[in-house]
Amino acid sequence: MIHVVIGTKAQLVKMAPVMAELQRRGQAYNFIFTGQHRETMDALRDNFAVKEPDVVLYRGSDITSVGRMLLWMLRILSMAVFRRRRIFAGDPGGGVVLVHGDTFSTLLGAMMGRLAGHRVAHVESGLRSFDLFHPFPEELTRLATFCLAHVYFCPGEWAVRNLARFRGEKVDTRFNTLLDALRDAVAAPPSAALDLPDDPYCVATMHRFENLYSREVLLRNIELIELAATRMRVLFIMHPVTRRKLEQFALLARLASHPGIELRPRYDYFDFMQLVRGAAFMISDGGSNQEECFYLGKPCILLRRTSERREGLGHNVVLSNYDRGVFERFLDSYQDHATPGLAATCSPSAQICDYLQAREVSAGKAGQ
């Protein structure tokens, strides 16, 4: 049986095309939701017409602190040990557990799969920054997941090469499943609730631990966003953890009162990508945003020192290294970073489903 473990908004965006493709093919799967994020998850499922979770492991508010994260992980691991038959729909073992990316839900899903005797398949596998603390803890989470996985779905040859020392089966999907999600998003019309500015604007978003953990670090990043706001209207998309940190360090009022910055709530994926598509450029610390801008050909500057992805670097994507000079040069010449975008017609999600269905057929024949 196929089991899909999802915990965060970003994971659902990237795995929804795989799940929707399985549904179109009439292939049954068990959707396990760890509950790491809850905000906007229902809207995202509606975007992609993905079914409701079959199993929900946590129904509380979003996990946004280290203490709550540790308690949440311990709770779910204990459930994986004592209730694994219920979590995995009575599957006694030998199925495949699909996990995605680099979050704590990724690692939990891989551990749960191993404990229950299933094969673990890692989507978006092989990405590396080669710096254990940037991004943190994502780089460590990926390395741990590599050790637990049996199958690696890699978005390109570079990712495949990064897994040379791991024994599992490598499947090169060429691109990320995010490509399929983005195709669906840009094909959909903007919702009536989406306010698209008539004048030029940029989109800013920030949520990573290394950009939020202290007032000094957060203020450094805010000053760079304020610099952009002297050139162009900035739509700052607020993640819950970012809002909490801005309030904690008494910086939210500063942003809210800035005449060039407009604070906006998180959107569902389709509306968010319509907003990005219409922007002059993007400021972000997100790897997914880096990829989306690469696929769209949208100029993007990353609030990071390094990235685990290669997409767009040296072309439409600029690593800022938090350097004000780099930031200013990007603002002066962002138009020069625009590219035609990606015209690939392949579907990484369909390729993953082909593999999973072929394995289901083989397993069925072996059991006869």
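**Exercise 1. Work out how E8 pairs with E9 in this predicted model, and decide whether E8 is enclosed or open to the outside.**

Solution.
- Step 1: start with the pairing. E8 covers residues 201-205, E9 covers 233-238, and five bridges join the two strands. They run parallel.
- Step 2: pick out a bridge. Ala204 has Phe236 as its bridge partner in E9.
- Step 3: check burial, using the cut-off of under 20% relative accessible area. Five of the five residues of E8 come out buried, so the strand is largely enclosed by the rest of the structure.
- Step 4: split the strand by face. In a regular strand, side chains alternate between the two faces of the sheet. Here Tyr201, Val203 and Thr205 sit on one side, with Cys202 and Ala204 on the other, and both faces of E8 are covered.

**Exercise 2. Lay out the seven-stranded sheet: what is the strand order, and which strands stand at the edges?**

Solution.
- Step 1: write down the order. The open sheet reads E3-E2-E1-E4-E5-E6-E7, with parallel pairing.
- Step 2: look at the ends. E3 (55-56) and E7 (169-172) each have a single partner strand, so one side of each is left without a neighbour in the sheet.
- Step 3: zoom in on the E3 end. Two bridges tie E2 (residues 30-33) to E3, and these strands run parallel. Ile32 stands opposite Val55 in E3.
- Step 4: add the helices. H1 packs on the sheet and touches E1 (2-6), E2, E4 (96-100) and E5 (119-123). The direction of H1 makes about 160 degrees with that of E1. H6 packs on the sheet too, touching E4, E5 and E6, and its direction makes about 140 degrees with that of E5.

**Exercise 3. Take Val13 in H1: is this residue buried or exposed, and what does it touch beyond its sequence neighbours?**

Solution.
- Step 1: get the accessibility. Val13 has a relative accessible area of 4%, which means that it is buried.
- Step 2: list the contacts, skipping residues up to four places away in sequence. Val13 touches Leu44, Phe48, Leu178, Ala181 and Tyr269.
- Step 3: compare sequence with space. Val13 and Arg45 are 32 residues apart in sequence, while their C-alpha atoms are 8.6 Å apart.

**Exercise 4. Describe the largest pocket: how much space does it hold, and what lines it?**

Solution.
- Step 1: begin with the volume. About 1,200 Å³ of space lies in this pocket.
- Step 2: find the centre. The lining has 49 residues, and Gln36, His37, Glu138, His207 and Arg208 are the closest to the centre.
- Step 3: map the lining onto elements. H1 (9-24), H3 (66-82), H6 (138-148), H10 (240-248), H12 (269-278) and H13 (287-296) are the elements giving two or more residues. H1 contributes the most, with five residues.
- Step 4: sort by chemistry. The lining divides into 19 nonpolar, 17 polar and 13 charged residues.

**Exercise 5. Now do the cavities: how many are there of 30 Å³ or more, and which elements supply at least two lining residues to the largest cavity?**

Solution.
- Step 1: count. The structure holds one cavity of 30 Å³ or more.
- Step 2: get the volume. The largest cavity has about 40 Å³ of space.
- Step 3: go round the wall. Lining residues include Val123, Glu124, Phe153, Cys154, Phe175, Pro348 and Ile352. E6 (151-154) and H15 (348-366) each supply at least two residues.
- Step 4: sort by chemistry again. Seven lining residues are nonpolar, three are polar and one is charged.

Methods:
Residues are numbered from 1 along each chain as its sequence is written. This is a predicted model: local features need pLDDT of at least 70, side-chain atom pairs count only at pLDDT 80 or more; totals for chains, interfaces and linings use all residues. Side-chain values use heavy atoms; hydrogens and water are left out. On a 1 Å grid over the protein atoms alone, a cavity is a set of points where a 1.4 Å probe fits but cannot get out, and a pocket is an open set with protein on both sides within 12 Å along at least five of seven lines; lining residues have an atom within 4 Å of a point. Grid points are joined across faces, edges and corners, and a volume is the space filled by probe spheres set on the points. Helices (H or I, at least four residues) and strands (E, at least two) are DSSP runs, numbered from the N terminus. Ala, Val, Leu, Ile, Met, Phe, Trp, Tyr, Cys and Pro count as nonpolar, Asp, Glu, Lys and Arg as charged, and the others, Gly among them, as polar. Buried means under 20% relative accessible area, exposed over 50%, partly exposed in between (1.4 Å probe, protein chains only). Contact means heavy atoms within 4.5 Å. Two strands pair if DSSP finds at least two bridges between them. Axes are lines fitted to C-alpha atoms, for helices over the stretch in contact, and angles run from 0 to 180 degrees between N-to-C directions.
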